[in-house]
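Visitor: I'd like to learn how to read a structure like this one, feature by feature. Could you walk me through it?

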Amino acid sequence: MKAVIQAGGKGTRLKPYTLILPKPMMPVGEYPVIELLLRWVRRNGVDEVMVTTGYLGHLLRMLCGDGSRWDMHIEYTEEKEPLGTLGALQLVRDWIDQPFLVLNGDLITDLDLRAFMRFHREHPEALTIAVKETPVPVNMGVFEFGSDGVVTDFREKPTLTYSANMGVYCMDPAILELIPRGVPFGFDDLMYRMLDEGLGARVFQHHGQFMDIGRPEDFAQAQELAERGELPMWGH
């Protein structure tokens, strides 16, 4: 199995730390988060990885090297200008010859990656998205009403639940045909295009842990878990 790890972002939410380190190199416990990712995908059967780099990409190359110390092979791309979350996949077009994983370079999770890949292979859709139910508190009162404007319900500061994108995808090579070359293109652009064209995608529901260390609150939580030896991606 091949995996693309997206590591080209500037990590603006974690400034000033990301002024000197790319976000995937932020330490969680004793490891940079990208090393946790690489160890995790290797344990789950991935032995070929493409890291898409941009901002401070030379530091990622120095850290990860060719991947041999994890018994895997790592290659790199470099964005000359930002291409969005999926635009950089056009740079790996010739490398893709089978269904492949795409992972954000700043996530921590205990997702069963083997089960996720099996799920994708068992269904016909060209795109599978890992999602997790996520509570979102609303700090105002919320009304429900009909087309005539008559109030039918009211909730004061409710907590709503959504199936949130985890930044973990399994894609067939055909998805690359939907991504334009040389222009910024995000995952949201892909979803809108697939919905407009009636192309199917499927979600894989994850019920365990998930953190996006690009969010300061998740980064702090990840440090606490690491201190207690409870980090979900921990492996040696």
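Guide: Sure, and keep in mind that this is a predicted model. Let's start with one residue, glutamine 90, which is found in the loop between helix 3 (84-87) and strand 6 (100-104).

Visitor: Is glutamine 90 buried or exposed?

Guide: Glutamine 90 has a relative accessible area of 9%, so it counts as buried.

Visitor: Which backbone atom does the side chain of glutamine 90 reach?

Guide: That would be the backbone oxygen of leucine 176, at 3.0 Å. Leaving out residues up to four places away in sequence, glutamine 90 touches Leu176, Ile179, Pro180 and Arg181.

Visitor: Let's move on to the sheet. What is the general idea?

Guide: Strands of a sheet pair through backbone hydrogen bonds, and the pairing is either parallel or antiparallel. Here, seven strands make an open sheet in the order 5-4-1-6-11-8-12, and the pairing is mixed. The edges are strand 5 (73-78) and strand 12 (202-206); each has a single partner strand, so one side of each is left without a neighbour in the sheet. From one strand to the next, the twist averages 30 degrees.

Visitor: How many bridges pair strand 1 with strand 4, and in which sense?

Guide: Strand 1 (residues 2-7) and strand 4 (residues 48-53) pair over six bridges, in the parallel sense. To follow the register, look at lysine 2, which stands opposite glutamate 48 in strand 4, and at alanine 3, which stands opposite valine 49 in strand 4. Strand 1 also runs parallel to strand 6, with five bridges joining them; on that side, alanine 3 stands opposite leucine 101.

Visitor: And which way do the side chains of strand 1 point?

Guide: In a regular strand the side chains alternate between the two faces of the sheet. For strand 1, Lys2, Val4 and Gln6 point one way, while Ala3, Ile5 and Ala7 point the other way. Six of the six residues are buried, so strand 1 is largely enclosed by the rest of the structure.

Visitor: Which strands does helix 2 lie across?

Guide: Helix 2 (residues 57-64) lies across strand 1, strand 4 and strand 5, and runs at about 175 degrees to strand 5. Helix 5 (residues 187-196) packs on the sheet too, touching strand 8 (127-137) and strand 11 (159-171), and its direction makes about 110 degrees with that of strand 8.

Visitor: What about helix 1? Why is it described as largely enclosed?

Guide: Nine of the eleven residues of helix 1 are buried, so the rest of the structure largely encloses it. Among the buried ones are Val33, Leu36 and Trp40. After helix 1 comes glycine 45, with a positive phi near 95 degrees.

Visitor: Now for charges. How should I read a salt bridge?

Guide: Side chains of opposite charge can pair when their charged atoms come close. A search of the whole structure finds seven salt bridges. In one of them, arginine 39 pairs with glutamate 35, with the closest N and O atoms 3.1 Å apart. These two are four residues apart in helix 1 (residues 33-43), so about one helical turn separates them. Both arginine 39 and glutamate 35 are buried.

Visitor: Which salt bridges link distant parts of the chain?

Guide: One joins glutamate 177 to arginine 93, where the closest N and O atoms are 2.4 Å apart. Glutamate 177 is in the loop between strand 11 and helix 5, arginine 93 is in the loop between helix 3 and strand 6, and their positions lie 84 residues apart in the numbering. That is, the two are 84 residues apart. At 54% relative accessibility, glutamate 177 counts as exposed. Another salt bridge pairs arginine 202 with glutamate 125, the closest N and O atoms being 2.8 Å apart. Here arginine 202 is in strand 12 and glutamate 125 in the loop between helix 4 (113-121) and strand 8, 77 residues apart. Arginine 202 is partly exposed at 29% relative accessibility, whereas glutamate 125 is buried, with a relative accessible area of 17%.

Visitor: Last topic, the nonpolar core. Which residues touch the most other members?

Guide: In soluble globular proteins, nonpolar side chains tend to be buried together. The largest nonpolar core here has 47 residues, and Val28 and Val49 touch the most other members. Helix 1 gives the largest share of this core, seven residues. Leaving aside neighbours within four places in sequence, valine 28 is in contact with residues including Val33, Leu36, Ile108 and Phe219. Another core, of 24 residues, lies apart from the largest one and includes Ala126, Val131, Leu176 and Leu190.

Note on methods
Residues are numbered from 1 along each chain as its sequence is written. This is a predicted model: local features need pLDDT of at least 70, side-chain atom pairs count only at pLDDT 80 or more; totals for chains, interfaces and linings use all residues. Side-chain values use heavy atoms; hydrogens and water are left out. Buried means under 20% relative accessible area, exposed over 50%, partly exposed in between (1.4 Å probe, protein chains only). A polar contact is a pair of N or O atoms within 3.5 Å; within protein, one must be able to donate a hydrogen and the other to accept it, and residues adjacent in sequence count only if both atoms are side-chain atoms. Contact means heavy atoms within 4.5 Å. Two strands pair if DSSP finds at least two bridges between them. Axes are lines fitted to C-alpha atoms, for helices over the stretch in contact, and angles run from 0 to 180 degrees between N-to-C directions. A salt bridge is a side-chain nitrogen of Lys or Arg within 4 Å of a carboxyl oxygen of Asp or Glu. A nonpolar core is a set of buried Ala, Val, Leu, Ile, Met, Phe, Trp, Tyr and Cys residues joined through side-chain atoms within 4.5 Å.
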